[in-house]
Amino acid sequence: MSKQLSPEQREAFLGTLKERFEKNITRHENFEWAKIQDKLEANEGKLWSLHEMERTGGEPDVVDYNAAADEYIFFDCSVESPIGRRSLCYDLKALESRKKNKPENNAVGMAADMGIELLTEEQYRKLQSLGKFDMKTSSWVQTPAEIRDRGGALFCDFRYGQVFLYHNGADSYYAARGFRGSLNV
């Protein structure tokens, strides 16, 4: 699969990102779209990764800026966990350990294929400060090795006005659980 967008896809997708940026200005009040677009146009691979986030239902948007690295930070901002990234176990080890009823993919592997990373718990909480997300779904988040080594994995959701962090077997998967990603550009 080519990891480049055609000129037509590129132009249309930049328009989609700009429209989302302008519609959700409270997520990034002090940012200028022109600077973000310059970064995107200079990073074809990262633009492709953002397009993959979009294609799988993530609705990526700018949520922060890392001045030290001079990078804009994008998160999946879809109201619910991206629909094209649900029914996945946590990682390849979990997928391979299932004897029956294997899901089609795993969250960590799919994120890597897309060129993005799963949100951390801290990033997930930051996302929730920008709106209300995952009120009906849940999202896998990066899991510390000491939990993963024991067969577990972490996920978060938003219920009762709170972010909840839970655990489950890494090999579990549910129709309402996916993952959200981040990308620095």
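Q: Where in the chain is N106 found?
A: N106 sits in a loop. The loop joins α4 (92–97) to α5 (107–114). Keep in mind that this is a predicted model.

Q: Is N106 buried or exposed?
A: Read the relative accessible area against the cut-off: under 20% is buried. N106 has 4%, so N106 is buried.

Q: Which residues is N106 in contact with, beyond its neighbours within four places in sequence?
A: With those neighbours set aside, N106 is in contact with L88, C89, Y90, D91, L92 and L95.

Q: What lies by the polar atoms of the N106 side chain?
A: Look for backbone nitrogens. That of G109 lies 2.6 Å from a polar atom of the N106 side chain. For the backbone nitrogen of L92, the distance is 3.4 Å.

Q: Now a charged residue. Where does E52 lie, and is E52 buried or exposed?
A: E52 belongs to helix α3, residues 44–55. Its relative accessible area is 5%, so E52 is buried.

Q: Which side chain does the side chain of E52 make a polar contact with?
A: The partner is the side chain of R55, at 2.8 Å.

Q: How far apart are E52 and A111, in sequence and in space?
A: Take both separations together. In sequence, E52 and A111 are 59 residues apart. In space, their C-alpha atoms are 9.6 Å apart.

Q: How do E19 and W33 read on the two separations?
A: The sequence separation of E19 and W33 is 14 residues. The C-alpha to C-alpha distance is 10.0 Å. E19 itself lies in helix α1, residues 7–23. At 57% relative accessibility, E19 counts as exposed.

Q: What about a strand residue? Where is D61, and is D61 buried or exposed?
A: D61 is part of strand β1, which covers residues 60–66. The relative accessibility of D61 is 2%, so D61 counts as buried.

Q: Which residues does D61 touch, not counting those up to four places away in sequence?
A: On one side of the sequence, D61 touches R20, F21, N24, R27 and H28. The list also holds I73, F74, F75 and C77.

Q: Turn to backbone angles. What is phi at D70 and at Y160?
A: Check the sign and the residue type together. D70 has a positive phi of about 55°, although D70 is not a glycine. Y160 is likewise not a glycine, and its phi is positive, near 55°.

Q: Where do D70 and Y160 lie?
A: D70 is in the loop between β1 and β2 (71–76). Y160 is in the loop between β5 (152–159) and β6 (162–169).

Q: How does the accessibility of D70 and Y160 read?
A: D70 has 36% relative accessibility and counts as partly exposed. Y160 has 80% and is exposed.

Q: Zoom out. How many helices and strands does the protein have, and how compact is the protein?
A: There are seven helices and eight strands. The radius of gyration is 16 Å, close to the 16 Å from the globule rule for 185 residues, so the protein is as compact as a globular protein of that length. Along the principal axes, the C-alpha trace spans about 50 × 40 × 30 Å.

Q: What share of the residues is buried, and what surface does the protein expose?
A: Of the 185 residues, 45% are buried. The exposed area is about 9700 Å², and carbon and sulfur atoms supply 48% of that area.

Q: How many charged side chains are there, and how far apart are the centres of the two sets?
A: The protein has 26 positive and 30 negative side chains. Their centres lie 7 Å apart.

Definitions and conventions:
Residues are numbered from 1 along each chain as its sequence is written. This is a predicted model: local features need pLDDT of at least 70, side-chain atom pairs count only at pLDDT 80 or more; totals for chains, interfaces and linings use all residues. Side-chain values use heavy atoms; hydrogens and water are left out. Helices (H or I, at least four residues) and strands (E, at least two) are DSSP runs, numbered from the N terminus. The radius of gyration is taken over C-alpha atoms; the globule rule is 2.2 Å times the number of residues to the power 0.38. Buried means under 20% relative accessible area, exposed over 50%, partly exposed in between (1.4 Å probe, protein chains only). Accessible areas come from the Shrake-Rupley method with a 1.4 Å probe; for residues, only the protein chains shown count as cover. Lys and Arg count as positive and Asp and Glu as negative; His and the chain ends are not counted. The place of a charge is taken as NZ of Lys, CZ of Arg, CG of Asp or CD of Glu. A polar contact is a pair of N or O atoms within 3.5 Å; within protein, one must be able to donate a hydrogen and the other to accept it, and residues adjacent in sequence count only if both atoms are side-chain atoms. Contact means heavy atoms within 4.5 Å.
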